[in-house]
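Please open the model in a viewer and keep the selection panel at hand. The stops below are meant to be followed in order.

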Amino acid sequence: MSTLQEMAEAVICGNAKKVKEIAEKVLSEGIAPQTIINDGLIAGMNVVGVKFKNNEVYVPEVLIAARAMHAGMDVVKPLLSASEVQDKGIVLIGTVKGDLHDIGKNLVRMMLEGAGYKVIDVGVDVSPEKFVQAVEEHKPQIVGLSALLTTTMVNMKSTIELLESHPVKVMIGGAPVTQKFADEIGADAYAPDAATAVELADKLLA
Amino acid sequence: MNSRERVLAAINHKEPDRVPLYFGGTSSFMTDEAYFQLKDYLGITGDVEAYREGHTGNYFDQRILEALDADVRFVHMKKAAATPVRRIDENTVLCDWGVPIRKIDGYGVRVDPPLAHATKSDIACHPWPDPYDPGRTAGLALAARTLREQTDKAVVARSPQSASFLEYGAWLRGMEQFLMDLLLDRGFAEALLDKILDLQIGFYDALLTEVGRYVDIVETAEDYGTQNGLLISPQLFRDIIKPRRKAINDFIRKKAPGAKILHHSCGAIEPIITDLVEVGVDILNPVQPLPNMNPSEIKKKYGDKVVLCGGVDMQNTGLQDPYLLEQEVVLRIEQLASGGGYLFAPSNHIQPDLPTRSVVALFALAKKHGVYGRNEA
């Protein structure tokens, strides 16, 4: 097994200490930071995403894998010069107005980061106006909206309406959300789970 | 057949005259806004005192159950007398577990977990609730006895909390931190789970000492499921939750030997239904209809081992349409009612986005379509 494969395995197992050690070791051997990110950290999180989607691993395993990935990123990312930073794209995500639930949104954030996206997380209870303000500030290609409740998912519609004049794709998800609802309110994509959110983000930017 | 006979037949896996209507429980009641809308619509005047504060649902008026002809009545614990709920700000109260609950658009959500940075030795110092505070059970024995002796309804002890190990762990510690603790710091996690277990048993002790002999069903509750599957792996459930769930159920069995144990968990929990049955769950609620939790398949696989309670999809916004509402009622009864062993209930709280006429229609339709033996007749 190559050292970067070993790193990916350590991400999958959520072994933050080992990921950090390998990151330091491969850097000292002269492997490029972007290669470490792509072939070690992102490669590991990709496997976690698939396993999570297939109910082979669960939320705790995803959380510790994301933590391990970040332990590696913290070592490697500062060494990337600005021109080398190759984010796949920028995704701005938040839970809509009236809703304080965040575990689903956070899992999507971790999966997107694990797939190489830069994620701007604007938090919970985010009004349509705040989404627009954040979009103008961060210029994402994709906006992700989350809601847990049938009573708050209606705020996705008002957010999409307010974002209409902005050049962004909108992806939505959350417990009561369906493809039918996404179609009705004019969302560009509906993700039933966090791993699918990554696949859809890739498609939206293709 | 009266209501109690109807419920007892169903929970003993026999077909009653029609499916019993179960409404008012831990997971199948109403948010405050929906509750007041419905009371108003039904013309029920005069308020009852809130039995708790800051939660999504805080009121319970049995007259709603009378108006909807539900077959069950409830007794539930009330607020502590010695430790009144403390208001932190306009929208936030500190519950008696020491966790802030913030109300937003009518929903109480736990925030600012107090044990976020705690170590194992800090657990003992946290200001824990006193299950035996006399305010919690004042008048409950008489209320339960009156329901038992002067009504023909089945009597249910509502769970003292709507939550157990995973939720309280998450609310006290922070959800992500607690779920990581389960893998990375098992010593801390188990110490916290043991504390939650002690308190839960204390609450059931206080409650069932008063009402245990009068009740037909005792409710318990915890959420293990997401839309797609379990929150934690089946193995982790078996390691950390199942033995503690058994301890609670064994205790309830001692305190209320005549009662069936109902257990609530939202979400797609099919992989652990057998485990729940093994540790003494008699009635499973709410059978939330989901791609990995198909009510027909659950009935086929587990219907002879556990009574199913719930099924009506409360995430389906189509229920606002009278035609789709009737379709939903017919579908769930078709999927779940055959041979008995089914209690009709919404699969989560009624929310204010469901029109009050639909709430009333929901139960009227269940009575209409839930009659047994129609085909043979």
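The tour begins with chain A, passes to its contact with chain B, and ends in chain B. The model is a predicted one.

**Stop 1: chain A as a whole**

Select chain A and colour it by secondary structure. Nine helices and five strands should appear. Followed along the sequence, they run in the order α-α-α-α-β-α-β-α-β-α-β-α-β-α. Along the principal axes, the C-alpha atoms of chain A fill a box of roughly 50 × 35 × 30 Å. How does the radius of gyration of chain A stand against that of a compact globule with 206 residues? The globule would be near 17 Å and chain A has 17 Å, so the two agree. Of the 206 residues in chain A, 53% are buried. If contacts are drawn between residues of chain A at least 6 apart in sequence, 74% of them join residues at least 24 apart.

**Stop 2: the two domains of chain A**

Next, select residues 3–79 of chain A as domain 1 and residues 90–205 as domain 2. Their C-alpha centres lie 25 Å apart. Between them, twelve residues of domain 1 of chain A are in contact with eleven residues of domain 2 of chain A. Which helices supply at least two residues each to the side of domain 1 of chain A that touches domain 2 of chain A? They are α3 (33–53) and α4 (59–76) of chain A. Display α3(A) in particular, since the largest share of this side, eight residues, comes from that helix. By class, this side of domain 1 of chain A consists of nine nonpolar residues, two polar and one charged.

**Stop 3: where chain A touches chain B**

Now show both chains. The contact takes 21 residues from chain A and 24 residues from chain B. On the chain A side, α4 and α5 (103–114) each supply at least two residues. Helix α4(A) gives the largest share, five residues. Colouring the chain A side by class gives ten nonpolar, eight polar and three charged residues.

**Stop 4: the first helix of chain B**

Hide chain A and select residues 3–11 of chain B, which form helix α1. Its buried residues are B:Arg4, B:Arg6, B:Val7, B:Ala10 and B:Ile11. Look down the axis of α1(B): the buried residues fall within an arc of 160°, so they line one face of the helix. To see what covers them, add strands of chain B, including β1, β6 (154–157), β8 (260–264), β9 (283–285), β10 (307–312) and β11 (342–346). Just after α1(B), B:His13 takes a positive phi of about 60°.

**Stop 5: a loop residue of chain B**

Move to B:Ala82, in the loop between β1 (72–75) and β2 (86–89) of chain B. Is B:Ala82 buried or exposed? It has 10 other C-beta atoms within 10 Å, and is therefore exposed. Beyond residues up to four places away in sequence, B:Ala82 touches B:Asp130, B:Asp133 and B:Gly135. For a distance check, pick B:Ala82 and B:Ile273: they are 191 residues apart along the chain, and their C-alpha atoms are separated by 39 Å.

**Stop 6: the annotated region of chain B**

Finally, select residues 97–368 of chain B, which an unreviewed UniProt entry annotates as "domain: Uroporphyrinogen decarboxylase (URO-D)". Over these residues the chain is 46% helix and 14% strand. The end C-alpha atoms of the region are 43 Å apart.

Terms used
Residues are numbered from 1 along each chain as its sequence is written. Chains are lettered from A and ligands numbered from 1 in the order in which they are written. This is a predicted model: local features need pLDDT of at least 70, side-chain atom pairs count only at pLDDT 80 or more; totals for chains, interfaces and linings use all residues. Domain bounds come from an automatic or database domain assignment. Two residues are in contact if their C-beta atoms, placed from the backbone, lie within 7 Å. Helices (H or I, at least four residues) and strands (E, at least two) are DSSP runs, numbered from the N terminus. Ala, Val, Leu, Ile, Met, Phe, Trp, Tyr, Cys and Pro count as nonpolar, Asp, Glu, Lys and Arg as charged, and the others, Gly among them, as polar. The radius of gyration is taken over C-alpha atoms; the globule rule is 2.2 Å times the number of residues to the power 0.38. A residue is buried if 20 or more other C-beta atoms lie within 10 Å of its own, exposed if 12 or fewer, and partly exposed in between; C-beta atoms are placed from the backbone. UniProt positions are given in the numbering used here, feature names are shortened, and annotations may be inferred rather than shown by experiment. The arc is that of the directions from the helix axis to the C-beta atoms.
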